Every structure is written in C-alpha cells, then in structure tokens.
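Me: I've got a structure open and I'd like to learn how to read it properly. Can you walk me through it?

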Amino acid sequence: MTERLNADATGLARGAALLAAGELVAFPTETVYGLGGDARSDMAVARIFEAKGRPRFNPLIVHVATMEMAEQVAEFPKAARDLAQAFWPGPLTLVLPLKPGAGFSDLVTAGHETVAVRMPAHPVARALLTEFGGPLAAPSANPSGKVSPTTADHVIEGLDGRIAAVIDGGPCEVGVESTILSLGPPTLLRPGGLPIEALEEALGQKLASGGDAQKPNAPGQLTSHYAPGAAVRLEAATREPGEIWIGFDGNCDGAELSLSPNGDLVEAAASLFGALRAADRLAREAGATRIAVAPIPERGLGRAINDRLRRAAAPRG
Ligand code: TXA
Ligand code: MG
C-alpha cells in the first residue's frame with residue numbers, strides 16, 4: 001500500500017526519509033505530479049523505471065531546488081544561465097552538458113552526455129528537495145504511456161502499491177509537463193507549460209523544432225502517449241454517436257465536459273489530464289468507445305495541449 005502523506009512538516013520529513021532510503025515518493029510540481037527517486041542511487045532510479053514500466057532508453061529529468069544544486073548537475077553556458085535566471089523556478093527543463101563527476105546513476109541520462117534539469121516552482125516540491133538535500137530524478141508519476149497525474153488521487157489510481165508514498169499537495173496549477181529545450185541552437189524538444197512565445201522573446205530568436213517520433217529522445221516523442229482507455233478523435237466540432245465530447249469555449253452545446261467554457265488556454269491546460277480521465281470514466285459507464293475533443297487553438301499553452309492530444313489520439317503500439 002502506498003502511503004498518502006500530507007504536505008506539512010511531518011509529511012515532508014517522512015517523504016525525505018523514504019527518499020534517503022532509496023524508496024520512491026511522488027510529489028506535486030506546478031506541472032504534473034513527479035515520481036521522485038534519489039538521482040544518485042542506481043537502485044532508486046531502477047525502481048522508477050520498474051514502477052512506471054518505462055523503456056530504459058528514455059532518460060529522466062533531474063529536479064533541483066537551487067542554482068547551486070543545478071551547477072553540481074550540469075554545465076551552464078551563458079545562454080542557459082540567462083534562461084534559468086528568467087524562467088526558474090518554473091515549467092522549463094533545460095538539456096545541458098552533464099557535469100563531470102556529477103555522481104548520477106547512468107540510468108538517469110540513459111548513457112547520454114547531456115542531462116535534463118529543471119527547478120520546479122511548486123512550494124511542496126521545493127521543500128521536499130531542500131529537506132532531502134539532493135537532486136531527484138522524477139518523471140511524471142503515471143504508468144508509462146498513460147495519462148499524466150495532476151492530483152494525488154491520479155497517482156494512486158496508476159501506481160498504488162508500486163511506490164512508497166505520495167505527498168498530497170492538491171491539484172497542479174499548470175497541468176501539462178514542462179517545456180523541454182536543448183541549447184546549441186535553441187531547440188524545442190517538447191512543448192509544455194512555458195509557452196514557446198515567451199522563450200522566443202527571451203532568446204530573441206525562433207526555436208528550432210527537435211520533434212521526431214522516430215527518434216524518441218524527448219518525453220512525449222513516442223507516438224502513443226498520454227493515452228486514455230477509449231480511442232480519441234480530435235478537432236471535433238460536434239459529437240458523433242458513441243462518443244463522450246470534451247468541449248472548449250462557448251460553441252459546444254451538449255458536451256459532457258469542457259476544458260474551459262470561456263476558451264481560456266491556461267484553464268484548459270490545467271484541466272486537460274483530469275478531463276481525459278473523467279471522459280474515460282464516463283465512456284466506460286455509458287458504453288461509449290471514443291472521446292471527442294473540440295479544436296484547440298495552436299498558440300500559447302494550446303501548443304502543449306495539442307501535442308498531448310495528438311499523442312493521446314495516436315495509434316496504440
Ligand atoms: O513537468 C515535467 O517535466 C514533469 C515533472 C514531474 O517535472 N516531468 C516529466 O518527466 O514530464 P517525463 O519523464 O515524463 O519526461 C521527461 C522527458 C523524457 O521523456 C526524456 O525523453 C526527456 O525528458 N529527456 C530527459 N533527459 C534528456 C536528455 N538528456 N536529452 C533529451 N531529452 C531528455
Ligand atoms: Mg510522462
């Protein structure tokens with residue numbers, strides 16, 4: 001049985017002690033719940049892959065609380081330092097050269113010479129990292145390929161009995177995973193909670209796109225991902241028979257659910273994964289076989305939402 005811990009001093013102390021013992025503890029971040037393990041422990045990192053059923057070639061993001069911790073993990077060229085200054089703590093992951101002697105389990109980087117680093121903004125994530133006192137490897141806290149968790153209940157639904165504990169910090173505010181960027185030429189590896197427009201403005205240049213489903217070197221780059229049980233149809237302007245319909249903005253009369261009745265993309269991102277889970281439940285209850293989702297504009301957080309929806313709708317492997 002997975003322990004459910006409160007996000008208070010007692011819960012944080014218990015969580016940090018479990019982590020120090022090489023156990024796995026799920027914790028809230030502003031994007032989604034992460035499945036944390038000591039990034040320096042082979043056993044803890046191996047347990048992460050085991051608990052999620054995650055392919056070993058898919059490397060993990062290392063979470064840090066401070067710039068000092070970040071510098072022990074990775075090299076920061078000037079451009080990276082500027083971005084960290086502008087957007088950390090927050091929903092941005094930087095893929096950087098691994099610091100020699102960083103002391104990670106090789107499983108974290110899947111043998112790459114680079115490491116993905118993120119400084120989360122959520123106060124509970126930050127308090128846990130500080131109390132634990134070291135870097136935490138943390139993928140989203142869901143079985144590999146399934147819908148990411150934005151509440152402690154979602155974590156329990158997917159991983160009960162497979163992990164030591166979850167710290168309940170309430171629902172995640174952003175609701176989609178971090179934006180992943182590699183440097184050299186700045187390249188977008190995954191659209192996410194930090195809008196591309198904000199990054200391009202800070203960099204003063206357009207981002208190259210690194211998305212290639214054949215070469216899954218960033219997260220959701222595997223074809224089918226974020227998949228609910230039911231099939232998914234996108235750009236649905238109406239509901240067809242046998243569908244549960246997820247609407248967006250005003251023009252979706254009769255939709256069972258809505259990502260945002262007012263067409264607010266920030267609200268839509270925050271409700272995305274919860275809505276997919278709720279639609280799946282409704283589909284099971286109603287004997288429906290498909291989830292239809294209204295069109296979402298391709299700007300701001302809409303890009304991350306559409307990215308996750310396309311993967312949820314992709315042919316299942
Ligand atoms: O918001 C988030 O990023 C959440 C929370 C928990 O922080 N974490 C998350 O982790 O989404 P995950 O494991 O589901 O996605 C991380 C992705 C991996 O799939 C991997 O492909 C990519 O980051 N990644 C990790 N290390 C990399 C590297 N060295 N080079 C390129 N991509 C890397
Ligand atoms: Mg994930």
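**Sheets, domains and what joins them**

Reply: Sure, and let's begin with one strand pair: strand 13 (residues 243–247) and strand 15 run parallel and are joined by 4 bridges. Within that pair, Glu243 sits opposite Arg290 of strand 15. Keep in mind that this is a predicted model.

Me: What holds strands together in a sheet, in general?

Reply: Strands of a sheet pair through backbone hydrogen bonds, and they can do this parallel or antiparallel. Here, strand 15 also pairs with strand 12, again parallel, through 3 bridges. On that side, Ala231 has Arg290 of strand 15 as its bridge partner. So you can find Arg290 opposite Glu243 and as the partner of Ala231.

Me: In what order do the strands of that sheet come?

Reply: The order is 12-15-13-14, an open sheet of 4 strands with parallel pairing. Its edges are strand 12 (231–233) and strand 14 (257–258), each of which pairs on one side only.

Me: How many strands are in the other sheet, and how are they paired?

Reply: That one has 11 strands, in the order 1-8-2-3-7-4-6-5-9-10-11. The sheet is open and the pairing is mixed. Strand 1 (3–6) and strand 11 are the edge strands, with a partner on one side only.

Me: Where could I look to see both kinds of pairing?

Reply: Try strand 10. Strand 9 (residues 179–182) and strand 10 (residues 187–190) run antiparallel, with 3 bridges between them. Ile180 has Arg190 as its bridge partner there, and Ser182 faces Thr187. Then look at strand 10 and strand 11 (residues 208–209): these run parallel and share 2 bridges. Leu188 is opposite Ser209 in that pair.

Me: And where do the side chains point in a strand?

Reply: In a regular strand they alternate between the two faces of the sheet.

Me: What links strand 9 to strand 10?

Reply: The two form a hairpin, with 4 residues between them. Look in the turn for Gly184, with its positive phi of about 110 degrees.

Me: Which residue other than glycine has a positive phi?

Reply: Glu235 is one to check: its phi is near 55 degrees. You'll find Glu235 in the loop between strand 12 and strand 13.

Me: Which peptide bond is cis?

Reply: Go to the bond from Trp88 to Pro89, which is cis with omega near -5 degrees. Pro89 belongs to the loop between helix 4 (78–87) and strand 5 (92–97).

Me: Now zoom out for me. How is the chain divided into domains?

Reply: The domain assignment gives domain 1 as 3–209 and domain 2 as 231–313. Taken over C-alpha atoms, their centres are 27 Å apart.

Me: How much area is buried between the two domains?

Reply: About 1,400 Å², with carbon and sulfur atoms giving 57% of that. On the side of domain 1, Val147, Val176 and Pro191 lose the most area to domain 2, together 34% of what that side buries. If you'd rather think in residues, 20 from domain 1 are in contact with 15 from domain 2.

Me: How many salt bridges and polar contacts cross that interface?

Reply: There are 3 salt bridges across it. As for polar contacts, 7 residue pairs between the domains qualify. Helix 7 (152–159) and helix 8 (196–203) are the elements that give two or more residues to the side of domain 1 touching domain 2. By class, that side has 8 nonpolar, 7 polar and 5 charged residues.

Me: Can you show me salt bridges I can click on?

Reply: Start with Arg303 and Glu197, whose side chains meet in a salt bridge at 3.6 Å, N to O. Then try Arg4 and Asp153, where the N to O distance is 2.6 Å. Across the whole structure the count is 20 salt bridges.

Me: Why does the pair of Arg4 and Asp153 tie together parts far along the sequence from each other, 149 residues apart?

Reply: Check where each one lies. Arg4 is in strand 1 and Asp153 is in helix 7, so the pair ties together parts that are 149 residues apart in sequence.

Methods. Residues are numbered from 1 along each chain as its sequence is written. Chains are lettered from A and ligands numbered from 1 in the order in which they are written. This is a predicted model: local features need pLDDT of at least 70, side-chain atom pairs count only at pLDDT 80 or more; totals for chains, interfaces and linings use all residues. Side-chain values use heavy atoms; hydrogens and water are left out. Domain bounds come from an automatic or database domain assignment. Contact means heavy atoms within 4.5 Å. Buried area is the accessible area (1.4 Å probe) that two parts lose on being put together, summed over both. A salt bridge is a side-chain nitrogen of Lys or Arg within 4 Å of a carboxyl oxygen of Asp or Glu. A polar contact is a pair of N or O atoms within 3.5 Å; within protein, one must be able to donate a hydrogen and the other to accept it, and residues adjacent in sequence count only if both atoms are side-chain atoms. Ala, Val, Leu, Ile, Met, Phe, Trp, Tyr, Cys and Pro count as nonpolar, Asp, Glu, Lys and Arg as charged, and the others, Gly among them, as polar. Two strands pair if DSSP finds at least two bridges between them.
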